[in-house]
Every structure is written in C-alpha cells, then in structure tokens.
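Here is a short tour of one protein chain, going from a single pair of helices out to the whole fold. Have the model open and turn it as you read.

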Amino acid sequence: MAVWARLAAPCGWLRAAGLLGLRSRGGAARACCGAAPLPALRSAHRLPPWRLRVSVADCAQPSRAKGEACAPRSSLPVAVKQEQAAPETVSDLSAAKLYEDWDDVPPSSALEEISEEEAVKIIADPLLPPQSSTLRDYVDHSETLTKLVHLGVDLSQVEKRQKDVGIEDSQLGPFLTKNPYILGEDLEALETRVAYLKSKKFGNAEITQMVSRAPYLLLFSVERLDNRLGFLKNELGLSVKKTKDLVIRFPRLLTGKLEPVKENLQVCQVEFGFQRNEVQQIAFKTPKILTASKKRLRQTFDYLHNIMGIPHNMLTRFPQVFNSKLLRIKERHMFLIFLGRAQYDPTQPSYISLDQLVSLPDEVFCTEIAKASIQDFEKFLKTI
Amino acid sequence: MEKTKQWGWSPQWRKCCRGRKRKNTLHPHKERQHLPVAAEQNRQRWLFAVYKPPGVAWNRVRDAVETRLLRELNAAPAWPPRSRIRFLPAASAGPPGLVAVRVPVLAEHRLVRGPRFTQLKIGAGHRLDVKASGVFVLGVGHGNKILSHLYNCHLSKVYTVRGQFGKATKDFSDTGKLIEKTTFDHITREKLERILAVIQGTNHKALLMHSNIDMKTQEAYELAVKGLIRPMGKSPPIITAIRCLQFALPEFQLEIHCLHETQQYLRKIVHEIGLELKSSAVCTQVRRTRDGVFTLDDALLRTQWNLQSIQNAILNCQLRVKTEIEKTMSHWDGTCAPGGTSTSPLG
C-alpha cells in the first residue's frame with residue numbers, strides 16, 4: 001500500500017516523499033501522480049485545525065533525504081490555519097484521538113494513507129510559479145530570501161528597484177534595503193575604500209555612521225571620493241578638519257550630485273546677499289541647505305527677510321530656520337503679530353529667538369513664547 | 001460635475017488602475033482598502049471637513065491627509081502570520097530524522113509583501129484655490145458617492161472676504177502685479193452698504209431666474225418659506241447674501257453667501273466694489289467659513305489629521321448630512337428635479 005502525502009507539487013513531491021521516508025513500495029513508478037491539493041485544501045480550510053501524524057520511526061532515509069533536507073522544494077505546503085508564529089515541533093497526535101467527540105468522519109490528514117487510485121487522481125499546482133512579478137512567491141522557498149527577511153530587509157522595497165538579490169553578504173537589514181547593489185560589489189574593492197577612509201583619519205565608528213546614513217558611499221571608487229572631498233573643501237573654503245566634520249554629519253553630500261551644491265552656494269551669495277564667511281558658517285551649521293531645493297530656499301528667505309524683517313546677521317546665527325517648513329514659520333509669526341509679541345531683535349525686551357520659533361513643539365511654543373493657550377492658537381489658525 | 005473627476009485626480013490612483021479601470025478589479029497583490037469601522041456603519045456618510053491653510057494647493061492637502069491616515073493604519077498590529085508545516089532535520093542531538101516544524105509563512109511577512117494599506121480613496125468636495133483657505137470637505141470610501149449627492153443639493157457656501165482700498169492689481173489680489181493706485185478717503189460705510197444692497201438685489205433676481213420656478217404659484221411660496229429656492233442645475237455664480245462685517249479704512253471685511261462660485265470670482269467682486277465706489281480695491285483674504293452643512297467648528301486643523309479625530313468628525317457630521325440630503329431630495333423627487341441623479345442617495 002502506498003503511503004502518500006497529499007502534496008502540492010509535481011516537481012518536488014518525489015524528492016519530498018523520499019525525504020519523508022514515506023517510501024512507495026512500488027518505487028518511483030508513481031511518478032505520474034501529483035497531489036491535488038485544491039480539493040483537499042479547500043476541505044482543509046473548512047475543517048478545524050488539526051495536527052499531523054508524524055512518525056519519526058518511519059523516516060528511514062533513502063539516500064538523498066539528508067542531502068535534500070535543506071532543499072527549498074522539500075516543503076509541504078499544507079494549508080493549515082494556526083496561530084503560532086515561531087517554529088515549533090509538532091508532537092504526534094492521531095487525528096482520531098482529537099476528534100473523538102465529533103460524529104463526523106475524522107478529517108483527512110496530509111499524511112494519511114490513501115489508495116493508489118486516489119493518488120493518481122490528485123493533480124498538483126506547480127510549487128514555484130515559473131514567472132512571478134513579486135518576490136513573495138519565492139520567499140518561502142529560497143533560503144537567501146528567507147535569511148534576508150530575517151535580517152530585516154524590506155523585500156517589497158527591493159522589489160520596487162527590480163534588481164535581483166545576488167550574493168549573500170553579512171550587512172545590516174535596512175542598509176541592504178536601500179542599497180542592494182552593494183551585494184554585487186567585490187569584497188576587495190570595499191575593503192580598499194574603507195582603508196582609504198581610514199587613511200583620511202575617519203574613525204571606525206564615524207565610518208559606520210557615514211555608511212549607514214549614505215548607503216551608496218562604499219560604492220564609490222577611491223578617486224571619486226577623493227575628488228569630492230577636495231571639491232567640498234575648495235568650494236566651502238573650510239579647513240580639513242571642518243570638512244571632515246561636515247561630511248561625517250551629512251555624508252549625503254559626498255554621494256549626491258555636485259552641481260546643485262554649487263548652485264545653492266551661488267544663490268546664497270548672490271541672490272540673498274550673504275558674505276562668503278556667512279555662507280561658510282551657514283553651510284557648516286546646516287549642511288542641508290546645500291542640497292535643498294532653490295525655490296523653497298528663496299520662498300523661505302523672502303518671507304524671513306522681507307516680511308518678518310530679520311537681518312542677515314540674525315539669519316547667520318540661526319540658519320536652522322531655512323530647514324523648517326514655511327507654513328509653520330508663517331503661522332507662528334502671524335500669531336505672534338496678532339498678540340503683539342513678534343520681537344526678533346535681541347537688543348529689545350521680550351526678544352524671541354528664531355530657533356525657538358521654529359524648533360519648539362506647539363504646546364511649548366504657545367505656553368512659553370506666546371504666553372497663550374493652545375486653544376487660542378487653534379482658533380487663530382482658523383482665522384488666517 | 002465633481003462626480004466624473006474626483007476619482008481620477010490622485011496620481012497614485014491613476015497609476016494603480018492603469019488598464020484596470022474598466023474591469024474595476026484590484027491589483028492582485030493589494031488588499032481592498034477599508035477603514036476600520038464596524039460593519040453596521042458601512043453604508044454611512046463618510047464625510048469630514050479639514051481646514052485648508054492658505055498657500056497650499058488643495059490636492060496637496062488631500063494627499064497629506066491620505067498619507068497620515070495610511071501611516072496610522074499600517075502601524076496598527078497586523079494579523080499573526082499564517083504558518084505551515086515543514087519537515088526539517090532535527091537540530092538537537094537525537095535520533096537523526098525529520099521533525100515536523102511549524103514555521104511562519106514568510107510570503108505574508110510585512111517586509112516581503114509591503115505595507116498592508118497602500119492607498120485610500122479620498123475624494124474632495126468643493127475645491128479651494130492656492131491663496132484661499134477655509135473649510136474643505138473630504139470624503140473617504142463610500143463618502144465619495146455622498147459627495148456627489150451633496151453637490152447636487154446645491155447648498156450655499158459662506159465666505160469672509162477681506163479687501164483693501166487704494167490699489168488695483170492684475171489678478172485682483174494683493175500679491176499680483178500693481179496696475180493703479182487711487183485715493184479712498186471719500187468712501188464711507190453707508191456708500192459701501194448701498195453698493196452691497198445693489199449687488200444683492202441683482203443677484204437675487206438671477207437666483208429666481210435660474211431656479212426655474214414660476215413665481216406666481218403656491219409651490220413657489222412654499223419653497224420660499226422653507227428656504228429651498230435655489231438653482232438645482234448649472235448656473236453662473238450667484239450671491240444670495242452679502243454684508244459688511246468690518247469697515248476700517250483702507251481695509252474692510254465682507255461676509256458673502258454664494259452658490260456655484262469660484263474664489264477668483266469673489267476677488268473680482270471686491271475689485272468691482274472698488275470700481276463702483278470710484279476707487280479701487282484688492283482682495284487680501286478669501287476664507288470659507290461654511291460649506292453646506294460643514295462649519296468652521298467641524299473643520300480639522302493640521303495637528304488633528306489623525307485617525308481618531310477624523311473618525312469622531314465623521315460620526316459628528318453624519319446625521320446632519322443625512323437630514324440635509326433627505327430634505328432636498330425628498331422635495332425634488334416629487335417634482336421635476338433638474339440636474340439631480342437618478343440613484344437614491346439614501347441607502
């Protein structure tokens with residue numbers, strides 16, 4: 001009598017059957033049959049959860065079983081509804097014992113013995129769809145993908161990039177999500193680059209920080225990195241130490257394009273009328289300005305300088321106002337004007353500093369700076 | 001008509017439904033999107049109002065609300081993953097063999113399939129242009145259908161409009177290109193109110209004309225008593241009431257009740273008031289304080305664009321929306337209803 005499992009794969013079931021040690025007495029002549037999980041699955045779905053009967057003693061291995069223990073296709077995709085998420089060993093329990101209260105015939109188990117005629121009738125779906133637009137269908141069967149998911153790689157994002165995940169490497173999960181290309185790089189090249197960075201006297205922790213914030217950093221060749229560091233140093237006119245500091249805090253400067261950086265510097269100097277040393281100070285304190293969009297910069301500067309009347313030296317002292325949202329600045333400024341507390345000159349009494357204006361959360365801003373309640377602020381917001 | 005347009009505005013919706021518009025099927029890997037509301041409330045009127053700040057386009061407001069809602073929905077705990085039986089070699093020292101192990105199905109893991117909700121159908125009611133601010137009605141899911149019913153009710157909207165005498169610009173607002181400057185010392189509040197009365201009178205005639213009602217019938221009298229005389233189809237912009245709230249030269253503030261208007265039309269009205277008063281005026285602020293049944297109190301500020309506040313706002317407004325639609329539709333169903341829809345909105 002053939003002992004078959006109700007399997008779902010035509011291609012893998014033979015190996016799987018061999019794996020389980022569920023030998024067919026008739027040998028591989030049953031190759032023609034596949035399993036028909038569809039009717040079985042549907043019935044299984046309607047049935048309450050049940051446990052498989054596994055007899056370890058039965059697993060007298062045929063030769064290939066051990067070797068194929070880890071093969072991706074050795075799984076039995078039996079659809080069983082369970083709640084537990086962690087892998088757990090299923091203790092054996094016969095189906096009959098579980099359902100002794102039930103009047104119906106006990107539901108069929110995946111490992112139940114069925115007659116050969118039935119086995120012939122079972123038709124299986126292919127286990128792995130030959131073509132799929134997502135990695136979802138493959139993730140259960142590919143060890144690489146499974147390990148990546150366990151590392152925390154967001155495969156849905158990787159899919160959007162439409163690149164294969166190639167060689168395995170030991171990197172951080174989110175890092176891989178952003179930069180799957182790194183897996184295609186040579187290990188030696190990566191090591192050279194890290195050595196170069198070390199030679200420029202970036203500490204280990206700093207290098208890790210830079211790499212995690214700008215995942216593409218290690219993809220750049222040594223000459224390119226060198227060129228960029230030199231360019232930044234020349235453009236900004238800062239000392240080596242300050243440039244390094246800047247790059248550690250904002251490594252995206254090195255990986256982004258260089259023309260927008262140059263243009264932003266020009267905008268600051270020519271259009272806004274900052275002096276060169278002021279531009280250097282601003283760029284050092286808030287390097288994000290160098291990669292911000294020019295239109296947004298212009299709008300923010302226009303409101304700050306022309307409407308709020310803040311002079312250049314104040315803006316140089318608090319460049320973080322350029323990073324905040326214009327709408328937020330507008331609302332808070334108008335509220336302060338309405339209360340008559342819009343005083344940004346440090347020489348005058350009841351002075352309000354710009355960084356407090358933008359960085360504080362709403363409640364603190366209302367109580368401390370504006371000395372009003374948050375309900376008043378909300379009512380005011382509905383009148384502008 | 002808002003109805004045909006409101007589905008196609010969002011770029012994400014367009015991208016997702018390319019080629020599937022006619023079949024009305026979902027992308028095979030995306031879930032059907034539903035807000036977590038109890039089943040018995042499924043057929044309710046899911047409308048709420050937000051306060052649109054000035055200087056922001058209305059579709060950005062809509063997208064921002066959608067992004068925040070999606071973020072909160074995806075942060076909610078998901079179903080525990082399905083698991084399945086795999087036969088793996090026994091790890092510990094023991095008889096070598098295979099052990100049935102229950103492993104979670106990774107295909108349903110969040111990192112593999114992506115976030116559970118990727119898109120929400122949020123439709124917008126009467127739009128506001130970039131410089132205007134105020135009550136902006138949005139509808140979620142089933143509320144989108146109710147939006148079109150509300151549109152067909154042709155309810156009036158209330159605006160507060162601030163103007164300033166002495167300047168005239170090309171686009172009638174204070175940020176436009178300056179055309180001329182005039183004096184305004186001769187203007188008094190009485191003159192202004194006289195002009196406003198004239199405007200209201202002419203618009204009232206237009207209102208009666210476009211409502212297609214014979215004024216000499218009993219039915220017209222009943223409608224007038226209930227306040228239901230309004231054009232139930234397309235018509236040019238009509239001002240049903242206009243009055244002056246504040247007058248402090250050179251600035252003034254008006255309250256305008258209107259139908260089928262645009263904000264630029266209101267700015268043009270301010271400009272024309274200036275011309276009538278033998279001066280010139282520009283509009284400094286257009287703010288919608290009421291859109292049909294949604295008032296300023298119902299509008300949610302940016303800090304309140306989260307799931308809980310939106311659900312509360314929806315529940316608060318449901319009854320009012322329902323009564324208003326019933327009131328309008330029940331009257332017009334009996335008589336001829338120009339511009340109404342054939343499907344019943346209540347149900």
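## Two helices and their neighbours

In this predicted model, helix 13 (residues 240-249) of chain A packs with helix 16 (residues 276-285) of chain A at an angle of about 40 degrees, their axes lying 9 Å apart. Helix 13 of chain A and helix 16 of chain A are therefore oblique to each other. The contact residues divide into 3 nonpolar, no polar and 4 charged. On the side of helix 13 of chain A they are A:Lys242, A:Asp245, A:Leu246 and A:Arg249, which meet A:Ala283, A:Phe284 and A:Lys285 of helix 16 of chain A.

Now move on to helix 21 (residues 362-370) of chain A, where A:Phe365, A:Cys366, A:Ile369 and A:Ala370 are the buried residues. Because they cover an arc of only 115 degrees around the axis, they sit on the same side of helix 21 of chain A. The other side carries the exposed A:Glu363, A:Thr367 and A:Glu368. Which helices do the buried residues of helix 21 of chain A pack against? The table lists these partners in chain A.

| Partner of helix 21 of chain A | Residues |
|---|---|
| Helix 19 of chain A | 326-339 |
| Helix 20 of chain A | 354-359 |
| Helix 22 of chain A | 374-381 |

Just after helix 21 of chain A comes A:Lys371, with a positive phi of about 55 degrees.

Stepping back, chain A holds 22 helices and 1 strand. Of its 384 residues, 41% are buried. Among contacts in chain A between residues at least 6 apart in sequence, 70% join residues at least 24 apart. The accessible surface of chain A is about 20,900 Å², and 53% of that belongs to carbon and sulfur atoms.

Definitions and conventions
Residues numbered from 1 in each chain as written. Chains lettered and ligands numbered in written order. Predicted model: local features only at pLDDT ≥ 70, side-chain atom pairs only at ≥ 80, totals over all residues. Heavy atoms only, no water. Buried < 20%, exposed > 50% of the residue type's maximum accessible area, 1.4 Å probe, protein only. Helix = DSSP H or I, 4+ residues; strand = E, 2+ residues; numbered from the N terminus. Arc of directions from axis to C-beta. Contact = heavy atoms within 4.5 Å. Axes fitted to C-alpha atoms, helices over the stretch in contact; angles between N-to-C directions. Parallel < 35°, antiparallel > 145°, perpendicular 65-115°, else oblique. Nonpolar A, V, L, I, M, F, W, Y, C, P; charged D, E, K, R; others polar. Areas by Shrake-Rupley, 256 points an atom, 1.4 Å probe, with all protein chains shown as cover.
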